[in-house]
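Me: I would like a close look at one part of this model, namely the first strand and what surrounds it. Please begin with the chain as a whole and then work inwards.

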Amino acid sequence: LVPCTVYVIDEKGLNNLRQDNGNNYDIYSVYIKRKTTLRRRCGVTISRIKRDEKRTKLTESSYDYIIENNSSKVHLFDEIERIYDEVCNKPSRL
């Protein structure tokens, strides 16, 4: 099995990671989207949502995978596991 590390990072950090280490490591990015109404329903504050709107934005095409997190936790974790398995079975991009 190929070693794999999962790291949660913001857009600016992803750009830095790619720039500084993209030639040394296979880096796959996953963008997890969620409707604002569902974020609010789960307790995310308006100030957090407004802060997120001001952060560095990447286009969706900048990501290798996108998960629509508008369903259950089970669905979210199933998608994460599916992507993890897919990435682990890919040949190296280096």
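What percentage of the 94 residues of the protein chain count as buried?

Reply: Of the 94 residues in the protein chain, 19% count as buried; please keep in mind throughout that this is a predicted model. The chain holds 4 helices and 2 strands, and from the N terminus on these elements follow one another in the order α-β-α-α-β-α. Along its principal axes the C-alpha trace spans about 40 × 30 × 20 Å, and the chain exposes about 7400 Å², of which carbon and sulfur atoms supply 51%. Where contacts join residues at least 6 apart in sequence, 71% of them link residues at least 24 apart.

Turning to strand β1, which covers residues 30–33, one can start with Val-30, which has its place in this strand. Val-30 has a relative accessibility of 37% and therefore counts as partly exposed, since that value lies between the limits of 20% for buried and 50% for exposed. Together with Ile-32, Phe-77 and Ile-80, Val-30 forms a nonpolar patch on the surface, and the four residues share about 340 Å² of accessible area. The elements that each give two or more residues to this patch are β1 and α4, the latter running over residues 73–88.

Strand β1 also takes part in an aromatic pair, and a search of the whole structure finds 1 such pair. Its members are Tyr-31 and Tyr-63, whose ring centres are 4.9 Å apart and whose planes meet at 25°, so the pair is stacked; the angle matters here because planes under 30 degrees apart count as stacked. The pair links distant parts of the chain, given that Tyr-31 belongs to strand β1 whereas Tyr-63 lies in the loop between α3 (46–54) and β2 (65–68), 32 residues apart. The two partners can also be described by their accessibility: Tyr-31, at 28% relative accessibility, counts as partly exposed, while Tyr-63 is buried, with a relative accessible area of 12%.

One further aromatic ring deserves a mention, although its partner is a charge: the charged end of Arg-93 sits over the ring of Tyr-28, at 3.8 Å from the ring centre.

Taken together, strand β1 contributes to the nonpolar patch along with α4, and through Tyr-31 the strand is also linked to the loop that carries Tyr-63.

Notes
Residues are numbered from 1 along each chain as its sequence is written. This is a predicted model: local features need pLDDT of at least 70, side-chain atom pairs count only at pLDDT 80 or more; totals for chains, interfaces and linings use all residues. Side-chain values use heavy atoms; hydrogens and water are left out. Patches are made of residues with over 30% relative accessible area and no salt bridge: like charges are joined within 9 Å, nonpolar side chains (Val, Leu, Ile, Met, Phe, Trp, Tyr) within 5 Å. Accessible areas come from the Shrake-Rupley method with a 1.4 Å probe; for residues, only the protein chains shown count as cover. A salt bridge is a side-chain nitrogen of Lys or Arg within 4 Å of a carboxyl oxygen of Asp or Glu. Buried means under 20% relative accessible area, exposed over 50%, partly exposed in between (1.4 Å probe, protein chains only). Rings of Phe, Tyr and Trp (its six-membered ring) pair if their centres lie within 6.5 Å; planes under 30 degrees apart count as stacked, over 60 as edge-to-face and the rest as tilted. A charge sits over a ring if NZ of Lys or CZ of Arg is within 6 Å of the ring centre and within 35 degrees of the ring normal. Contact means heavy atoms within 4.5 Å.
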